[in-house]
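Biologist: I am new to this structure and would like a close look at a single part of it. Please take me through the salt bridges, and then through the places around them.

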Amino acid sequence: AVFKPENVEDFYEIGEVLGSGHFGQVRQVRERTSGNFWAGKFLKIRKVACSRLGLDRSSVEREVEILQAVQHPNIVALKDVFESRAEVVLILELVSGGELFDFIAEKENLLETEAIEFMKQILEGLKFIHCKNIAHFDLKPENIMLSDKVSKPPNIKLIDFGLAHLFHPGEEYKSTSGTPQYIAPEVISCQPLSTAADMWSIGVITYILLSGLSPFQGDTDEETLGNVIGMKYEFNEHYFSLTSPMAKDFIQKLLMKNPEDRMTAEECLLHPWIKPITPKQVAKRNRSSINMKN
Ligand SMILES: Cc1ccnnc1
């Protein structure tokens, strides 16, 4: 694929840095014709294959293909792509509401019903990409953002598809990238991966959302990875006393060692914690709240 060879600065005024990561930098940009704001993701392309710096051009082409395939209200939209000699710039929808977890931390008390509203949107986005045989493979709180700071309820956007993968029928895919706290056991033990690896990450994210604790985190990455492989986690009564049994059941059905045993995004949306069936269940859920003590 060839991206626009024009100079991105002929069309966009480059603004402040919004974030940076393994890929390069994301900066706010302003479209000169319309005055609208977007996010420019500046990716360094490596000139020689053996260089450690920068990204392989083919991996950038993959990210662009995937973003073009996943147009959904809960997935960050791709508008344009420019390339210069050593850089590719993705022009993305501007997501300016900050990270989900910063939003939770700022609020006083958060009912499980509000946490469920967030989870529903995350799961709708995941259900959409998974039904297209695409896995995100880097789900973590930093990659779950709010579109703005004013919408009620806030609108969730999944960002950073730099590690995402489109599965072709019958293909085996292995990768060891991801963030230790959130990666599934099969990633660590180099087994073939599937969209179920994303569902494990959702289990970890839900556990943290409800308790403020990270289920497998150790003092070092090695310790964390050991805890994930050993399935060593618990619902410490001191942090989970206010959490409903349905919420714990939801998490347990995602933190399963065997990827095939885990709920899919579609099954999560039908789980009683997310989609209560009886008014009694709704009442039980509303009596519980998030533990904001820590
Ligand atoms: C960090 C970021 C990424 C994409 N869009 N807006 C902000």
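Modeller: A salt bridge here is a side-chain nitrogen of Lys or Arg within 4 Å of a carboxyl oxygen of Asp or Glu. The background is simple: side chains of opposite charge can pair when their charged atoms come close. What you see is a predicted model, in which local features need pLDDT of at least 70 and side-chain atom pairs count only at pLDDT 80 or more, while totals for chains, interfaces and linings use all residues. Residues are numbered from 1 along each chain as its sequence is written, and side-chain values use heavy atoms, with hydrogens and water left out.

The structure holds 12 salt bridges; let us visit some of them. Start with Glu 63 and Lys 41, whose side chains meet in a salt bridge at 2.8 Å, N to O. Glu 63 belongs to helix H2 (residues 57–69) and Lys 41 to strand S3 (residues 37–44), so this pair links distant parts of the chain, 22 residues apart. The helices (H or I, at least four residues) and strands (E, at least two) are DSSP runs, numbered from the N terminus. Glu 63 has a relative accessible area of 5% and is therefore buried. Lys 41 is buried too, at 4%. For these labels, buried means under 20% relative accessible area, exposed means over 50%, and partly exposed lies in between (1.4 Å probe, protein chains only).

Glu 63 and Lys 41 also have company: together with Asp 160 they are linked in a network of salt bridges. To find Asp 160, go to the loop between strand S8 and strand S9 (165–166). Asp 160 counts as buried because its relative accessible area is 11%. Its backbone deserves a glance as well, since Asp 160 has a positive phi of about 60° although it is not a glycine.

Now follow the chain to another pair. Arg 262 forms a salt bridge with Glu 186, and their closest N and O atoms are 2.7 Å apart. Arg 262 sits in the loop between H9 and helix H10 (265–270), while Glu 186 is in helix H5 (residues 185–188), so the pair ties together parts that are 76 residues apart in sequence. Arg 262 is buried, as is Glu 186.

A further salt bridge joins Asp 249 to Lys 253, with the closest N and O atoms 2.5 Å apart. This pair has another setting: Asp 249 is partly exposed at 25% relative accessibility, and Lys 253 is partly exposed at 36%.

Next come the loops around the strands. Phe 137, in the loop between strand S6 (134–135) and S7, has a phi near 65°, a positive value in a residue other than glycine. With a relative accessible area of 11%, Phe 137 is buried.

Moving on, the loop between strand S7 (144–146) and strand S8 (156–158) holds Pro 153. A cis peptide bond joins Lys 152 to Pro 153, and its omega is about -15°. The loop between S7 and S8 is also where you find Ser 147, which is buried because its relative accessible area is 14%. Leaving aside residues up to four places away in sequence, Ser 147 touches Leu 94, Val 95, Ser 96, Gly 97, Asn 155 and Lys 157; contact means heavy atoms within 4.5 Å. For a sense of distance, Ser 147 and Lys 120 are 27 residues apart in sequence and 15 Å apart in space, C-alpha to C-alpha.

Our last stop is Glu 124 in helix H4 (residues 112–130). Its relative accessibility is 34%, so Glu 124 counts as partly exposed. Again not counting residues up to four places away in sequence, Glu 124 touches His 72, Asn 74 and Leu 269. Glu 124 and Leu 225, by C-alpha to C-alpha distance, are 29 Å apart in space and 101 residues apart in sequence.

If you go back to the picture, try Asp 160 again: this buried residue shares a salt-bridge network with Lys 41 and Glu 63.
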